[in-house]
Amino acid sequence: MPGTHANHTAGYATRLAPLAALLACIGTALPPAVRAADTGPRESALHVGGRVDLTSDNRARGISTSASRPTAKLTAELLHNAGLFAELELTRVSKVQYPRGRGLGLQATAGYRFGDAETWRFEIGAQHSRFPGARLPGLSGSDFTLIRDPDTGQIVDIQPAALDVSPTTNELFAGASRGPLEARYFHTVSRTFFGINGATVCPSIPDPLGALACLEAGPQNSRGSQYLELSYTHRLSRSSALVARIGHQHVAAWRSFDTSSYALEARIRWRTVEASATLTGARPREKGVYDVKLANGSVRDAGRTALVLTAGYSF
């Protein structure tokens with residue numbers, strides 16, 4: 001009966017009206033992200049990326065690690081929305097600078113970034129640098145071989161025993177930035193800063209007595225070395241920028257290895273491809289401490305000012 005059906009329908013509508021009003025209030029109170037139907041895939045909190053670079057010279061704090069020759073670098077990174085990050089970098093390095101190694105430099109970094117993108121931003125973390133298989137030649141300051149005259153038996157010479165040193169380095173770092181300005185500080189916590197200590201440095205002293213006295217002074221490790229870098233980024237457009245950097249490296253116990261580094265970089269990005277030209281170098285406190293003697297007998301200053309060209313692809 002049409003009349004009876006209409007009455008029943010009106011009755012249901014009357015009874016359901018309070019429930020409909022309650023649901024409408026709840027729906028209004030919920031944030032838009034909750035009210036919207038989640039029909040698409042959710043954005044992952046973990047981001048994975050990578051990059052391949054070809055460069056005319058690999059520089060670290062102004063010093064070449066590839067003997068001023070072209071090289072390649074592969075970088076993989078993990079970023080979490082909470083601010084955690086990790087990065088692994090593989091680089092071809094000079095076997096002259098890192099002897100007995102595989103010609104590979106490995107750098108692992110992990111840390112935490114926090115702050116306000118509009119004001120101050122901060123980061124803290126740790127960095128591990130190693131060169132698989134590499135050992136720097138050195139001499140022991142506590143183990144000596146006595147050379148005696150075969151006829152008299154008297155000691156005619158003292159030769160320190162060979163002692164190889166690993167260039168593996170561990171550092172803690174902290175950084176702060178605001179707008180285009182950024183400052184970063186590194187502190188060495190490993191026994192040496194890239195293998196610099198008495199065993200590797202003392203044998204290079206020209207005076208034999210001076211070298212021996214240096215060795216007898218003990219290991220003279222470079223733990224506690226510090227590096228401070230300041231940078232300024234000037235945006236030319238959404239895809240290009242100029243970056244200026246200055247840094248100072250203090251090597252604990254060995255001030256002659258202290259350096260002041262500098263770099264002026266111009267870079268441009270197009271989609272996943274980036275190119276840069278960087279004028280960079282480093283001046284050590286004592287000239288010649290970063291010279292590299294190549295197999296052909298020539299000598300190169302690893303910190304000399306040079307124009308470094310780089311092309312990279314991100315994926």
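Q: What makes up the accessible surface of the protein chain in this predicted model?
A: The accessible surface comes to about 19200 Å². Carbon and sulfur atoms account for 61% of that area.

Q: Why is T259 called buried?
A: Buried means under 20% relative accessible area. T259 has 4% relative accessibility, so T259 counts as buried.

Q: How much of the protein chain is made up of buried residues?
A: Buried residues make up 33% of the chain, which has 315 residues.

Q: What is T259 in contact with, leaving aside its neighbours within four places in sequence?
A: Contact means heavy atoms within 4.5 Å. On that basis, T259 is in contact with G247, H248 and Q249. T259 is also in contact with A282, R283, P284 and Y290.

Q: Which strand holds T259, and how many strands does the chain have?
A: T259 lies in strand β14, which covers residues 259-270. The protein chain has 18 strands, along with four helices.

Q: What share of contacts between residues at least 6 apart in sequence joins residues at least 24 apart?
A: In the protein chain, that share is 57%.

Q: How confident is the predictor in this chain?
A: The average pLDDT is 88 on a scale from 0 to 100. A score of at least 70 is reached by 86% of the residues.

Q: Where does pLDDT stay under 50?
A: It stays under 50 over residues 1-16, and the model has zero contacts for them beyond four places in sequence. Over residues 22-38 the pLDDT is below 50 too, with three contacts beyond near neighbours in sequence. Where pLDDT is low, the predicted coordinates should not be read in detail.

Technical notes
Residues are numbered from 1 along each chain as its sequence is written. This is a predicted model: local features need pLDDT of at least 70, side-chain atom pairs count only at pLDDT 80 or more; totals for chains, interfaces and linings use all residues. Side-chain values use heavy atoms; hydrogens and water are left out. Helices (H or I, at least four residues) and strands (E, at least two) are DSSP runs, numbered from the N terminus. Buried means under 20% relative accessible area, exposed over 50%, partly exposed in between (1.4 Å probe, protein chains only). Accessible areas come from the Shrake-Rupley method with a 1.4 Å probe; for residues, only the protein chains shown count as cover.
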